[in-house]
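The following exchange examines how certain labels are assigned in a structural model. Each reply sets a computed value against the criterion that applies to it.

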Amino acid sequence: MNVSASEMPAASPAPVPVPVGAAKPLCEVKGVSQDFLQPTGQQLRVLSEVDLALYPNEVVCLLGPSGCGKSTLLRILGGLIMPTKGQAYYHGEPLTGLSPGMSMVFQSFALYPWMTVSGNIHTVLEAAKVPAEEIPDRITNVIRLVGLSGFEDAYPRELSGGMKQRAGIARALSVNPEILFMDEPFSQVDALTAETLRAEVLDIWAAKERSLNSIVMVSHDIKEVAFMADRIVVLVANPGRVLTIVENKLPRPRDYKSPELVKLVDRLHEIITGHEIPDEVPAPVGAPVKPAGPEALPAISPSEILGLMEYLDARGGQEDVFEIAADTNREFGKVLAVVKSVELLDFVDTPKRQVVLTPMGAQFLKAGAPARRALWREQLLKLKLFKDVQDRLQKHPRKALSADSVLEYLALYLPHEDYERMFETFIQWCQFGGLVYYDEDLRKLYTRKPRKSKAQGGEEPPVGGDGAAQTEGGSENSTPTGV
């Protein structure tokens, strides 16, 4: 992917770049890891050994694919979540609860629907124990600041998406925070409104008469972070960790179309794709070959895989991965997950930033339904995960396996993955190709659909003829959708 060595992660944690002339951090995390308890009782690690500091008078953006822990890290910095390991600090003091200097803007607006714009702000000021005589002026000032004058008595249902987020921003600013935390704040509004809101937030931040000192924002939009951030923290997943931190020294105000900003966007593209869909590097001649472990499956359905392949086919068989995301209006991390899924099956290749249909992928698209199922099944059995489960099924006297045995396998070999989610993806892929039959009631996998004894409610040996499992729909059982 032509990523420079300085931008790639070191074998051990690299020192975190500190802004030139920076004062002491406003807030920071040191050695933070975060585990979440799954329904099975096992722990899922979503963040691992993260160090990060926020300094005065800067905008920091957390960028990365879905599942890399961006929102979790934001909440740990703000004291909304206590980390499993490590410590969060505010002005050098350990943080044991909600940070006193932060305020949050949420992705989903999070307005009380039964309250007006003024009411939503009033309830926050009351909770912050602001003197009652100050509250009316505070409400008036922040509503005017975000451009909602005249809508004080409007309910959320009467507001557009952009106006709802203005109300959310007004509510967050009403408590005069030192740090504004923003969790994908512009992802629920249209592109033009998002551009306007970004510029307005930066104008508010730049106004020195306010208490707002710095901003931390989660985003998956590369152009957005290039426009807004002074430092861009690129995270990767499984478990979430800092890949690199990119300093953005472009002067403000910035222009989305300026050559310098476009160059920065391209640089960020290279960093992310270089990690997420790297070009294969041939092993040195004579080097020992390590046995491959089972593959982690992205949470992508067969219909999404088909959607991407058909999209590429309609465009001559290839497209830039970032153009795919922009053209389909899908989150970049989601598009990357679809691309990685199709690449696992060897239906596409990913030289640099291009996604290119392979001859196998083109053959699949030209085939009829039965031939597609057979080719899909053939490709699955080239993956260790599917081959191992198939071998276990074939060796079992009744050609059956419990779901728990597969889950144990996933938990053992892929400890950092959400193995229950991956099991669901595994079953979808298997059923699409007719590789196994899965009985949800009994939670068992079979080589073929078994007969059940109506008298005893038990199982009889599997029936079927060609060695492929029968799926309930008897066809591809899903309709291709766009990426």
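The questions below concern salt bridges, burial and nonpolar cores in this predicted model.

Q: What makes the contact between Arg-198 and Asp-221 a salt bridge?
A: The criterion asks for a side-chain nitrogen of Lys or Arg within 4 Å of a carboxyl oxygen of Asp or Glu. The side chains of Arg-198 and Asp-221 meet at 3.7 Å, N to O, so the pair satisfies the criterion.

Q: Why is this pair said to tie together parts of the chain?
A: Arg-198 belongs to helix α5 (residues 191-206), whereas Asp-221 sits in the loop between β8 (214-219) and α6 (222-228); the pair therefore ties together parts that are 23 residues apart in sequence. Arg-198 and Asp-221 are also linked with Glu-224 in a network of salt bridges.

Q: Why is Arg-198 called buried?
A: Its relative accessible area is 8%. Buried means under 20%, so the label applies.

Q: Why does Asp-221 count as partly exposed?
A: The relative accessibility of Asp-221 is 29%. Partly exposed covers the range between the limits for buried, under 20%, and exposed, over 50%, so this value receives that label.

Q: How do you know that Glu-304 and Lys-334 form a salt bridge?
A: Their side chains meet at 3.2 Å, N to O, and the cut-off is 4 Å, so the contact qualifies.

Q: Which parts of the chain does the pair of Glu-304 and Lys-334 link?
A: Glu-304 lies in helix α8 (residues 302-313) and Lys-334 in helix α10 (residues 332-344), 30 residues apart. Glu-304 is buried, at 12% relative accessibility, whereas Lys-334 is partly exposed, with a relative accessible area of 24%.

Q: What makes Arg-315 and Asp-327 a salt bridge?
A: The N to O distance between their side chains is 3.3 Å, and a value within 4 Å is what the criterion requires, so the name is justified. Arg-315 lies in the loop between α8 and β11 (318-320) and Asp-327 in helix α9 (residues 321-328), so the pair joins parts 12 residues apart in sequence. Arg-315 is partly exposed at 38% relative accessibility, and Asp-327 is partly exposed at 46%.

Q: How many salt bridges does the structure hold?
A: The structure holds 18 salt bridges.

Q: Which residues have the most contacts inside the largest nonpolar core?
A: They are Phe-386, Phe-426 and Leu-445, in a core of 109 residues. Helix α15 (residues 419-433) gives the largest share of this core, 8 residues. Apart from this core lies another, of 29 residues, including Leu-62 and Cys-68.

Note on methods: Residues are numbered from 1 along each chain as its sequence is written. This is a predicted model: local features need pLDDT of at least 70, side-chain atom pairs count only at pLDDT 80 or more; totals for chains, interfaces and linings use all residues. Side-chain values use heavy atoms; hydrogens and water are left out. A nonpolar core is a set of buried Ala, Val, Leu, Ile, Met, Phe, Trp, Tyr and Cys residues joined through side-chain atoms within 4.5 Å. Buried means under 20% relative accessible area, exposed over 50%, partly exposed in between (1.4 Å probe, protein chains only). Helices (H or I, at least four residues) and strands (E, at least two) are DSSP runs, numbered from the N terminus.
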